[in-house]
Amino acid sequence: ALGRLFLDGCINALRDLCRRLGTLALSQWRKTFCICVLAEQCMNRGHTEEAQSAMASLVAADRKNFYAPEVFRVEGELILKSVAPDAAQAERLFRGAIDLARKREEKSLELRASISLARLWREQGRREEAHRLLADRARTGLSRRGQTMRDFVGIYDGGAEFPEHRGDGALAAADTAGESDD
């Protein structure tokens with residue numbers, strides 16, 4: 001009960017912040033970031049309409065700034081939580097987010113969109129595709145730093161660092177026992 005009160009308070013504070021963003025001289029990406037955080041928190045608490053309203057407040061310029069891949073990812077998640085989910089449209093948004101983040105070399109945003117797409121595929125029974133997607137993201141992101149797939153799984157196993165993805169570590173960890181990149 002205490003945790004719920006805390007989250008409700010956070011959502012109210014974020015709502016207030018978003019209202020004030022229109023009057024503040026902040027950079028466009030910071031405004032976009034705040035709105036995406038608000039939308040995701042509302043969505044996670046079951047307030048889909050509020051999340052949709054927050055995302056609808058973004059303008060065309062917000063879809064082109066640094067945080068644009070996250071806008072597409074959150075919109076995809078919202079589509080999946082809507083009354084009439086459209087998995088194909090959500091997949092297009094996730095793929096668009098991945099492609100844009102990859103083009104801009106925004107690895108964390110690419111990973112977040114990849115996790116969302118992998119979750120969708122898992123729910124559709126496409127586990128092998130989901131595993132390949134995350135394994136590919138892990139290999140390309142880690143090989144530049146001299147890390148291995150096991151390092152990636154150790155970091156992201158269970159989604160502990162990303163509460164919105166709890167339990168998805170199994171996607172990245174599946175079949176890594178046979179990996180030879182120790």
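Contact is taken here to mean heavy atoms within 4.5 Å. On this basis, residues 24 or more positions apart account for 55% of the contacts in the protein chain with a separation of 6 or more. The structure is a predicted model, in which local features need pLDDT of at least 70 and side-chain atom pairs count only at pLDDT 80 or more, whereas totals for chains, interfaces and linings use all residues. Residues are numbered from 1 along each chain as its sequence is written, and side-chain values use heavy atoms, with hydrogens and water left out.

The protein chain contains 9 helices and 0 strands, where helices (H or I, at least four residues) and strands (E, at least two) are DSSP runs numbered from the N terminus. The order of elements from the N terminus on is accordingly α-α-α-α-α-α-α-α-α. Of the 182 residues of the protein chain, 42% are classed as buried; buried denotes under 20% relative accessible area, exposed over 50%, and partly exposed the range in between (1.4 Å probe, protein chains only).

Two packed helices are described by the angle between their axes and the distance between the axes. Axes are lines fitted to C-alpha atoms, for helices over the stretch in contact, and angles run from 0 to 180 degrees between N-to-C directions. Helix α2 (residues 28-44) packs against helix α3 (residues 48-56) at an angle of about 165 degrees, and their axes are 7 Å apart. The two helices α2 and α3 are therefore roughly antiparallel to each other, given that angles under 35 degrees count as roughly parallel, over 145 as roughly antiparallel, 65 to 115 as roughly perpendicular and the rest as oblique. The crossing of α2 and α3 is left-handed, a term applied if the near helix is turned anticlockwise from the far one by less than a right angle, with right-handed used if clockwise. On the α2 side, I35, C36, L38, A39, C42 and M43 meet T48, E50, A51, A54 and M55 of α3. The residues of this contact of α2 with α3 comprise 9 nonpolar, 1 polar and 1 charged (Ala, Val, Leu, Ile, Met, Phe, Trp, Tyr, Cys and Pro count as nonpolar, Asp, Glu, Lys and Arg as charged, and the others, Gly among them, as polar).

A second packing involves helix α4 (residues 68-81) and helix α6 (residues 107-123), whose axes come within 9 Å and cross at roughly 20 degrees. Helices α4 and α6 are therefore roughly parallel to each other, and their crossing is left-handed. In α4, P69, E70, R73, E77 and L80 meet L109, R112, A113, S116, R119 and L120 of α6. The residues of the contact of α4 with α6 divide into 5 nonpolar, 1 polar and 5 charged. Among the participants, R73 of helix α4 is buried, with a relative accessible area of 0%. The C-alpha atoms of R73 and A113 are separated by 5.6 Å, although the two residues are 40 residues apart along the chain.

A pair of aromatic rings is described by the distance of the centres and the angle of the planes. Rings of Phe, Tyr and Trp (its six-membered ring) pair if their centres lie within 6.5 Å; planes under 30 degrees apart count as stacked, over 60 as edge-to-face and the rest as tilted. A search of the whole structure finds 2 aromatic pairs. One of them, F33 with Y67, is edge-to-face, at 5.3 Å centre to centre and 70 degrees between the planes. F33 lies in helix α2 and Y67 in the loop between α3 and α4, so the pair ties together parts that are 34 residues apart in sequence. The rings of F66 and Y67 have centres 5.8 Å apart and planes at 45 degrees, so this pair is tilted. Ring pairs thus link F33, F66 and Y67 into a cluster. Within the cluster, Y67 is buried, with a relative accessible area of 10%, whereas F33 is partly exposed at 35% and F66 is partly exposed at 40%. The C-alpha atoms of F33 and F66, 33 residues apart along the chain, are separated by 9.3 Å.

Most residues other than glycine have a negative phi. E105, although not a glycine, has a positive phi of about 60 degrees. This residue, E105, is placed in the loop between α5 (87-104) and α6 and is exposed, with a relative accessible area of 65%.
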